[in-house]
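Student: I am new to this structure and would like a close look at one single part, explained slowly and with the terms made clear. Could you take me through one place where two helices pack together?

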Amino acid sequence: MTCVLCPNQSKGVGEHVWPLWLIQDFHGQGPFTTNKAGVAYTKRDGVTPVTAVALPGVHVPMCEPCNSELNRSIEEPVKPVIRALLPWSSNHAWPTITADEAAALARWFLKIGLLAGHPDAVHDNPHVQRDEDFPRFERVEPAWLDWMRTGSAPPADFSVYIAKRDVMGEQHWEGDTQRIFLPTRIMVGDRELGFATRSFGLRGLDVTMVWHPGWPILHPLEEAGRVAALWPDPAPIDFTKLPDVHPREFSFTVGFGTRMMSEAGFEAATQEPLSVTTDPFVQFFGD
Ligand SMILES: [Zn+2]
């Protein structure tokens, strides 16, 4: 297999998308179940959840130099931040993180989200690996991965949001879900702009990443101080000030096919940010 970041041959199992140090931090915390859209994968009886003693892994083909670069520029800087952040006990004290620590988290979450959804990802959990509907990116833009190989900053066309989530597990949610719609694809002259989003969680935290080239986002929960943005403008975050947010409170939805626009038309349309109050049909297709 070829490395997902460069033309070299992959070495061994490649890159652990969820790193081994994190899987080891969760040692003894199992059994673990794997959920898709909030529903656990089950055994043949269709009822009993499939459980694993260790946190199930995902890997992608990767060569040794790229693997070392990711370890240096992404894993090592984030380790102390994640260890202070994850609520391991009932007397957990939520920290305040610095702008540099927010940037380290953004890089790490982007790495996990982008590589877990990569078409070449291999999931240890055979139910996930066999599931043809498990969400994978249809196409991976070179700009999504280039920064990982070079150790540089991720593109500013990514936004990464973080929210606190109830540690006791999913609670019932009756309210409406607020949505921001993203166009699937916009052809601007001869540029093709694809939009994509992915959400995932780990103990007490939910992360959402959005690829929205050239079109700003007005996130209602960020405006309300209920979620914090890690990227593209990392800033200090006081996690004691963030409330728990239910995953169904808000979502990004990609849809509506392909739209052609001129450069001038795109420039004009993107003056209005993507938000929960705009009508996507009017915003993407005009009247
Ligand atoms: Zn490589």
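**Helix 2 against helix 3**

Tutor: On the side of helix 2, the residues Leu70, Ile74, Pro77, Val78 and Val81 meet Glu101, Ala104, Leu105, Arg107, Trp108 and Lys111 of helix 3, where contact is taken as C-beta atoms, placed from the backbone, lying within 7 Å, and where helices are DSSP runs of H or I with at least four residues, strands being E runs of at least two, both numbered from the N terminus. The residues of this contact comprise eight nonpolar, no polar and three charged, with Ala, Val, Leu, Ile, Met, Phe, Trp, Tyr, Cys and Pro counted as nonpolar, Asp, Glu, Lys and Arg as charged, and the others, Gly among them, as polar. Residues are numbered from 1 along each chain as its sequence is written. The model is predicted, so local features need pLDDT of at least 70 and side-chain atom pairs count only at pLDDT 80 or more, while totals for chains, interfaces and linings use all residues.

Helix 2 spans residues 64-85 and helix 3 residues 99-116, and they pack at an angle of about 120° with their axes 9 Å apart; the axes are lines fitted to C-alpha atoms over the stretch in contact, and angles run from 0 to 180 degrees between N-to-C directions. Helix 2 and helix 3 are therefore oblique to each other, since angles under 35 degrees count as roughly parallel, over 145 as roughly antiparallel, 65 to 115 as roughly perpendicular and the rest as oblique. Helix 2 passes helix 3 in a left-handed crossing, meaning that the near helix is turned anticlockwise from the far one by less than a right angle, clockwise being right-handed.

Notes:
Two residues are in contact if their C-beta atoms, placed from the backbone, lie within 7 Å.
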